[in-house]
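User: Hi! I've got a structure open and would love to talk through its pockets, strands and buried residues with you. Ready?
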Amino acid sequence: MRTTLLLTLPLLLTSIARAADVYVAPDGNDANPGTLQKPFATIQRAQKSVNPGDTVFLRGGTYKMQENQIAKFQGIFAYITDLDKSGAPGKMINYFAYQNERPVFDCSAVKAEGHRIDAFYVSGSWLHFKGFEVTGVQVTIKTHTQSICFENDGGNNIYELLSMHDGQAIGIYSRGGANNLFLNCDAYRNWDYTSEQGRGGNVDGFGCHPRKGATNNVFRGCRSWYNSDDGFDCINSAEAVTFDHCWAMYNGLNAEGKNLGDGNGFKAGGYGATPVDRLPNPLPHHTVQFCLAVGNKNSGVYANHMIGGDNFINNTSYKNGVNFNFLSRLPDNKTDVDGYDHKIFNNLSYAGRTLVLHFDPQKVQASNNSWQLDMHFTDADFLSVDEKELLAPRKPNGDLPDVKFLHLAPNNPAIDKGKNVGFPCNGPAPDLGCFEK
């Protein structure tokens, strides 16, 4: 018996699957074995070699993507990289920047005529992306269109520490799949100057428009600035989306101040032109909490013709066209009305051209907001009003930078003036706004 066990043990050990590491580098070759010494050239090739639990490490440098690398044409779409292989619960497939290196995928040379371009189309699930950049994604269609840096159609995916910038495409666009987390990502300076006379009306920093069943999608710690349309957008969603501790600045403008698309910081759903018989049932309730909106062309925080109400908790809005706009529409027609059925607590509005719009306290659950408490702030009520702090580098762990901007000064009247709605606080009651003193 002992001899049999000894002979069987090596076979058992070799049958246990071990997580493997695969490497990709700008100077790699897809004919290589994908090792650290002989890496692949593309993520597309690396996908073929991985299984659940494996990690693809991306070496630093610039990956100059070419049209002959387009993995798939499907209808009007051209997918430069098509990731359709899934991991498994507890065994995600990881696509990580190697150590402290910074991979950059430059898509400026990919101009597939007559196609919408996706730099990364992700239909796989249980995937984790971390630590790389996508830039220069192009638009070739001159009518109404959209190109995309990351399009998510999978579930249980994590998009972490990604940077989508200086292209013509939306940063992250998600419709399918549940339980996705978009964590500590940045989308900035994206503007479609090709289609529709260069208005850029489809280029949000982040767009999440989940189909029925695509529940529990969360954006946390993300920043969006100088995108030609909106910072964060979940219009026409069939399921609820959460924006938590995110920042939106200067959307609807370019860095030179030119007016472009809509320019809302957080567009929390809405069904402005959707016929009644096509509305989702039940209607979702989106959440915007502990978020910051600064200098957006139109509204900082916007309900956008919402039906059924959203949750707006502990947000700060500063120097937007309208800081808080709770516009709703009637469910049985397209008539716009003051907001109703929203839950609005502990928000702080300062220095916008209009502090609050379409707010009727009789039609919403609302209390302890700065405009209800008749608070009148000055710059001296805050530790800093230096907006440049918002564009500082992230902390080493990827979290938002430590700033003093719009943090409450010791004598600010908003300290301890909030309503306890279940979040921890440092005093007898929560402070107003997104920064707890």
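User: To start, how much space lies in the second largest pocket?

Analyst: About 490 Å³. Keep in mind as we go that this is a predicted model.

User: Noted. Which residues lie closest to the centre of that pocket?

Analyst: The second largest pocket is lined by 25 residues, and the ones closest to its centre are Arg102, Gly131, Leu161, Pro396 and Gly398.

User: And which strands supply at least two residues of its lining?

Analyst: Those are strand S6 (93-97), strand S16 (186-188) and strand S19 (223-225). By class, the lining of the second largest pocket divides into ten nonpolar, seven polar and eight charged residues.

User: What about the largest pocket, how much space is in there?

Analyst: The largest pocket holds about 730 Å³. Its lining has 29 residues, with Tyr173, Asn202, His209, Ile235 and Asn236 nearest the centre. Strand S11 (148-152) and strand S14 (170-174) are the elements that give two or more residues to that lining.

User: How does the lining of the largest pocket split by class?

Analyst: Into nine nonpolar, eight polar and twelve charged residues.

User: Switching to strands. S11 and S14 just came up for the pocket lining; which sheet order has them in it?

Analyst: They belong to an open sheet of eleven strands with mixed pairing, in the order S4-S5-S8-S11-S14-S17-S20-S23-S26-S29-S34. The edges are strand S4 (72-74) and strand S34 (354-357), each of which pairs on one side only.

User: Can you zoom in on S20 and S23? In which sense do they pair?

Analyst: Parallel: strand S20 (residues 232-233) and strand S23 (residues 266-267) pair over two bridges. Asp233 has Lys267 in S23 as its bridge partner.

User: I was also looking at S7. Which of its residues are buried?

Analyst: Strand S7 (residues 103-106) is covered on both faces, with Pro103 and Phe105 buried on one side and Val104 and Asp106 buried on the other. That fits the general pattern: in a regular strand, side chains alternate between the two faces of the sheet.

User: Which strands does S7 pair with?

Analyst: S7 pairs with strand S3 (residues 61-64) in the parallel sense over four bridges. S7 also pairs with strand S10 (residues 133-135), again in the parallel sense, over three bridges. Asp106 is a nice residue to click on: Asp106 is the bridge partner of Lys64, and Asp106 also stands opposite Thr135 in S10.

User: Good one. How many cavities of 30 Å³ or more does the structure hold?

Analyst: One. The largest cavity has a volume of about 30 Å³.

User: What lines it?

Analyst: The lining is Thr316, Leu348, Phe382, Leu406, Leu408, Leu432, Gly433, Cys434 and Phe435. By class, that makes seven nonpolar, two polar and no charged residues.

User: Now some asparagines. Where is Asn315, and is it buried or exposed?

Analyst: Asn315 sits in the loop between strand S27 (311-313) and strand S28 (316-318). Asn315 counts as buried because its relative accessibility is 0%, and the cut-off for buried is under 20%.

User: So what does its side chain reach?

Analyst: The side chain of Asn315 reaches the backbone oxygen of Val288 at 2.8 Å. A polar atom of that side chain also lies 2.9 Å from the backbone nitrogen of Cys291. Beyond its neighbours within four places in sequence, Asn315 is in contact with several residues, including Phe324, Asn346 and two that line the cavity, Leu348 and Gly433.

User: Asn346 turns up there. Where is that one found?

Analyst: Asn346 is in the loop between strand S32 (343-345) and strand S33 (348-350). Asn346 also counts as buried, because its relative accessibility is 0%. Among its contacts outside the four nearest places in sequence are Asn314, Asn315, Asn368, Asn369 and Leu432.

User: How far apart are Asn315 and Asn369?

Analyst: They are 54 residues apart in sequence and 9.6 Å apart in space, C-alpha to C-alpha.

User: Last one: where does Ser370 lie, and what does its side chain reach?

Analyst: Ser370 lies in the segment after strand S35 (365-367). Its side chain reaches the backbone nitrogen of Ser349 at 3.0 Å. Ser370 counts as buried, at 2% relative accessibility, and its contacts further along the sequence than four places include Asn347, Leu348, Met375 and Leu432.

Technical notes
Residues numbered from 1 in each chain as written. Predicted model: local features only at pLDDT ≥ 70, side-chain atom pairs only at ≥ 80, totals over all residues. Heavy atoms only, no water. 1 Å grid on protein atoms, 1.4 Å probe; cavity = no way out; pocket = protein on both sides within 12 Å on 5 of 7 lines; lining within 4 Å. Points joined across faces, edges and corners; volume = space filled by probe spheres on them. Nonpolar A, V, L, I, M, F, W, Y, C, P; charged D, E, K, R; others polar. Buried < 20%, exposed > 50% of the residue type's maximum accessible area, 1.4 Å probe, protein only. Pairing = 2+ DSSP bridges. Polar contact = N/O pair within 3.5 Å; in protein donor to acceptor, adjacent residues only side chain to side chain. Contact = heavy atoms within 4.5 Å.
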